[in-house]
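Reader: I'd like to learn how to read a few features in a model like this one. Could you walk me through them?

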Amino acid sequence: MTERTESAVRLVILLAIAAMAGAAAFTHVHDLSVAHGQPNWIGWANAVAVELMTIYLGLELRARRRTGRPVGLVGSLLVAFALLSLAAQVAEAEPSVWGWTVAAVPSLAFLALVKVVLSNAPVMPPAVEPDQPGAYRYEEPAEATEVEPVRPTVPTPVVPAVLPPRAVQPSRPHVVGIIR
């Protein structure tokens, strides 16, 4: 099988899993919203918001890692929305271990698929700036040349400034004490 054929088969599998897992997840979130009093259209709006936020946050996480920005909040939100989707699917399931497991499969498959696809980012080495000096380069000190010795300086005496007497006397009386 050629690389091009293999890529095409992988893409078809990816799209099939994404379509089925997305349909199941959307339906579970919609049905749970409607069962708890939301109108039909709000049920679909909730489903779109929960499921597409998970995809968006995965893409945002990847972009932030690529540029070296913090990912804490985005990662926390991704986990929260993924758990919300998973909880909606499990809540709609038959109350048994197998019912919960089978109901969780679409959400877990979709999350695994997103993780695999988003982790296939090409690894690029950091760019090296040619004008920057090497971090561990050791340069020999330049040889010492004849230096003229430093001669001590003689301090100059400080002469206090003499101010001339005031020609005009102030017109205000001199106040001593505090006036109440």
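Author: Happily! Let's begin with a cut-off: a salt bridge is a side-chain nitrogen of Lys or Arg within 4 Å of a carboxyl oxygen of Asp or Glu. Please keep in mind that this is a predicted model.

Reader: How many salt bridges does that rule give here?

Author: The count comes to two. In one of them, the side chains of Glu60 and Arg64 meet, with 2.9 Å from N to O. Arg69 also forms a salt bridge with Glu60, and there the closest N and O atoms are 3.2 Å apart. Glu60, Arg64 and Arg69 are thus linked in a network of salt bridges.

Reader: How far apart in helix H2 are Glu60 and Arg64?

Author: Helix H2 spans residues 40-67, and because Glu60 and Arg64 are four residues apart in it, about one helical turn separates them.

Reader: And is Glu60 buried or exposed?

Author: Here another cut-off helps: buried means under 20% relative accessible area, and exposed means over 50%, with partly exposed in between. Glu60 has 17% relative accessibility, so it counts as buried. Its partners fall in the middle class: Arg64 is partly exposed at 24%, and Arg69 is partly exposed at 42%.

Reader: Now for helix packing. What describes two packed helices?

Author: Two packed helices are described by the angle between their axes and the distance between the axes. In this model, the axes of helix H1 (residues 3-35) and H2 come within 8 Å and cross at roughly 135°. H1 and H2 are therefore oblique to each other, and their crossing is right-handed.

Reader: Which residues make that contact?

Author: From H1 come Ala25, Phe26, Val29, His30, Ser33 and Val34. The H2 side includes Gly43, Trp44, Ala47, Val50 and Glu51. Sorted by class, the contact of H1 with H2 has nine nonpolar, five polar and one charged residues.

Reader: Let's finish with a single residue. Where does Ser85 lie, and which residues does Ser85 touch?

Author: Ser85 lies in helix H3, which covers residues 72-91. Leaving out residues up to four places away in sequence, Ser85 touches Ala25, Val50, Glu51 and Ser107. Among these, Ala25 of H1 and both Val50 and Glu51 of H2 also take part in the contact between H1 and H2.

Reader: Is Ser85 buried or exposed?

Author: With a relative accessible area of 2%, Ser85 is buried.

Terms used. Residues are numbered from 1 along each chain as its sequence is written. This is a predicted model: local features need pLDDT of at least 70, side-chain atom pairs count only at pLDDT 80 or more; totals for chains, interfaces and linings use all residues. Side-chain values use heavy atoms; hydrogens and water are left out. Helices (H or I, at least four residues) and strands (E, at least two) are DSSP runs, numbered from the N terminus. Buried means under 20% relative accessible area, exposed over 50%, partly exposed in between (1.4 Å probe, protein chains only). Contact means heavy atoms within 4.5 Å. Axes are lines fitted to C-alpha atoms, for helices over the stretch in contact, and angles run from 0 to 180 degrees between N-to-C directions. Angles under 35 degrees count as roughly parallel, over 145 as roughly antiparallel, 65 to 115 as roughly perpendicular and the rest as oblique. A crossing is left-handed if the near helix is turned anticlockwise from the far one by less than a right angle, and right-handed if clockwise. Ala, Val, Leu, Ile, Met, Phe, Trp, Tyr, Cys and Pro count as nonpolar, Asp, Glu, Lys and Arg as charged, and the others, Gly among them, as polar.
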